[in-house]
Every structure is written in C-alpha cells, then in structure tokens.
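I opened this notebook to keep track of what I looked up in the model, entry by entry. The topics are helix packing, annotated spans and one salt bridge.

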Amino acid sequence: MTQKVAVLGTGKIGEALLSGMIRAGWAPADLLVTARRRERAEELRTRHGVTPVSNQEAAKTADTLILTVKPQDMGALLDELAPHVPADRLVISGAAGIPTAYFEERLAAGTPVVRVMTNTPALVDEAMSVISAGSHATAEHLAHAEEIFGAVGKTLRVPESQQDACTALSGSGPAYFFYLVEAMTDAGILLGLPRDKAHDLIVQSAIGAATMLRDSGQHPVTLRENVTSPAGTTINAIRELENHGVRAALIAALEAARDRSRELATGNNA
C-alpha cells in the first residue's frame with residue numbers, strides 16, 4: 001500500500017478510519033491528516049504516527065483525499081482545495097446529503113468522486129459504510145474506497161439515488177438503537193431493576209439479537225415469532241407496541257431523516 005491517503009477534518013470518525021487503516025496494513029508514513037486546531041493535529045501525530053499537513057498540502061501530495069468535515073463546512077473546504085487538486089486525485093466525501101455532482105462542479109473537470117456514508121460503529125470496527133460512484137469514478141476507485149472503509153467494518157455499494165435512504169437507515173441508525181436501549185433501561189428501572197443490571201440485560205440481549213439476525217439467515221419475523229408464545233409475555237408486549245404505533249413512528253422517523261438528508265444537499269443547514 002504505497003498510495004498516500006489524506007483525511008481532512010479529522011474528528012472521531014476520521015480518527016477511527018485512520019486507526020483501522022493502520023491495523024489493516026497501511027503505513028502511518030503514508031497517511032496525512034488535517035485538523036482545525038494545531039493541538040488536535042499533534043495529538044493525531046503522537047497517537048498514530050501520521051503526518052499533520054495543511055489542507056492545501058494534502059491536496060497537492062495525497063493520492064486520495066477523504067473529506068470528513070460537516071456538511072455545512074464542505075463549501076468552504078472545497079473553495080480552499082479546488083486550486084490545488086489535480087484531476088487525477090480520488091476525492092471521497094463522507095458528508096451526509098451532499099451529492100457527488102456538488103464536488104464535480106467545484107473541482108477540476110474529470111475529478112473522480114466517491115460518496116460514502118459510514119456510521120459511528122467505525123469506532124469499534126463494526127461500521128456500515130455505503131459507497132456510491134460519481135460520474136467519473138471507476139470500478140477501481142470504488143474498490144479503493146471499499147478497501148479503506150472495509151478496515152472499520154462492512155461496505156455496500158448502492159446507486160447514489162439510494163444514499164439518502166441509506167443515511168436514514170444506517171448513517172443515523174445507531175442513534176435509534178441507543179434511543180431504544182435508553183427507553184428500555186428506564187422501563188427496567190420502573191419494573192424494579194437497578195440501572196446497571198437493566199443496562200447489562202438489555203445490551204447483551206441486543207448483541208445476541210443482532211448476532212442472530214446477521215448469522216442465522218432467518219427473516220426477522222421468524223426470529224420474533226420464535227420468541228412469541230401463544231398468550232405469553234412477549235405477545236402482550238408486542239400488542240402494546242402496535243397499539244402505540246411504534247412501527248408507524250419508526251417509518252415516519254426514517255422518512256424525516258431521509259428528507260433532512262435531501263435538504264442538506266440543497267444547502268439548507270438551518
């Protein structure tokens with residue numbers, strides 16, 4: 001792995017990506033980072049052995065640029081980068097809602113752009129990263145993006161038209177599960193359990209259920225029915241979930257996340 005890769009705007013996800021790449025075999029000497037604060041850049045150098053550079057230097061010297069700044073900061077970053085990015089650089093965007101055309105219009109003609117939506121389980125090498133090609137990106141560019149993000153979890157290629165839906169499902173997805181665990185923990189306390197015990201019960205149940213979903217090959221309805229005995233405790237709980245419209249609320253929530261991703265593409269950051 002001799003290509004130089006630069007992570008621009010290295011926050012938690014960017015650092016997780018760097019750490020995963022190093023574990024996967026990238027040499028720290030081939031990894032460049034930029035950060036808004038000098039102290040943060042030096043922290044990354046000390047922790048991972050990577051090289052802090054300016055955004056302009058990264059654009060000039062790296063073969064692949066991974067842009068991990070917030071959507072509202074992307075325009076300013078591209079204005080800074082555009083005069084320095086040759087058309088043969090691969091640009092990977094990790095910003096929610098921003099289409100590859102946005103980058104292609106602001107960079108040199110023919111610049112290959114790949115759009116990636118990952119999620120916070122990258123911090124524990126269990127990310128779900130969804131990858132889409134811009135109009136100038138080749139299969140080789142996609143494979144390179146998969147190699148990078150595969151260092152911190154699973155990858156999936158989708159048409160870019162599906163990216164907003166994937167952002168709603170997996171990009172924001174961990175938050176929904178954390179919210180559910182929080183609510184179930186409160187329920188456990190209401191039922192008389194200490195918080196720590198309720199937490200442990202729910203987290204292990206979640207890990208076990210997720211492993212079964214991943215490894216069993218069975219439909220989630222089948223797995224749920226296997227837990228649901230006639231006139232038992234589970235069916236009573238499911239009835240209450242249905243009575244309170246939990247399924248409909250989840251669908252509405254994901255539609256709202258999808259719509260917000262589309263709004264971000266129009267520059268509506270309010």
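How close do the axes of α7 and helix α8 (residues 173-190) come, and at roughly what angle do they cross? Working from a predicted model, I found that the two axes come within 5 Å and that the crossing is at roughly 35 degrees. I then listed the residues in contact: on the α7 side they are Ala168, Leu169, Ser170 and Gly171, and on the α8 side they are Gly173, Pro174 and Tyr176. Sorted by character, the residues of this contact are four nonpolar and three polar, with no charged ones.

Next entry: the other partner I looked up for α7. Helix α7 (residues 163-171) also packs against helix α12 (residues 246-265), where I noted an angle of about 130 degrees and axes 8 Å apart. I therefore entered α7 and α12 as oblique to each other, and I recorded their crossing as right-handed. From α7, the residues that take part are Asp164, Ala165, Thr167, Ala168 and Leu169, and they meet Leu254, Ala257, Arg258, Ser261 and Arg262 of α12. For the contact of α7 with α12 I wrote down five nonpolar, two polar and three charged residues. Ala168 and Leu169 appear in the list for α12 and also in the list for α8.

Next entry: salt bridges. My search of the whole structure returned 19 of them, and I followed up one that involves α7. Asp164 is bridged to Arg115, with 3.3 Å between the closest N and O atoms. Because Asp164 belongs to helix α7 and Arg115 to strand β6 (residues 113-117), this pair ties together parts that lie 49 residues apart in sequence. Asp164 is also one of the α7 residues that meet α12.

Next entry: the pair α1 and α2. I looked up helix α1 (residues 12-24) against helix α2 (residues 38-48) and found a packing angle of about 20 degrees, with 12 Å between the axes. That angle makes α1 roughly parallel to α2, and α1 passes α2 in a right-handed crossing. Lys12, Glu15, Ser19 and Ile22 of α1 are in contact with Arg40, Leu44, Arg47 and His48 of α2. The residues of this contact divide into two nonpolar, two polar and four charged.

Last entry: the annotated spans. From the unreviewed UniProt entry I copied the feature "domain: Pyrroline-5-carboxylate reductase catalytic N-terminal" at residues 4-97; in the model this span is 45% helix and 19% strand, and its end C-alpha atoms lie 27 Å apart. The same kind of record, again an unreviewed entry in UniProt, gives "domain: Pyrroline-5-carboxylate reductase dimerisation" for residues 160-264. For residues 160-264 I noted 82% helix and 0% strand, with the end C-alpha atoms 15 Å apart.

Notes. Residues numbered from 1 in each chain as written. Predicted model: local features only at pLDDT ≥ 70, side-chain atom pairs only at ≥ 80, totals over all residues. Heavy atoms only, no water. Axes fitted to C-alpha atoms, helices over the stretch in contact; angles between N-to-C directions. Helix = DSSP H or I, 4+ residues; strand = E, 2+ residues; numbered from the N terminus. Parallel < 35°, antiparallel > 145°, perpendicular 65-115°, else oblique. Left-handed = near helix turned anticlockwise from the far one by under 90°. Contact = heavy atoms within 4.5 Å. Nonpolar A, V, L, I, M, F, W, Y, C, P; charged D, E, K, R; others polar. UniProt positions renumbered as here; feature names shortened; annotations may be inferred. Salt bridge = Lys/Arg side-chain N within 4 Å of Asp/Glu carboxyl O.
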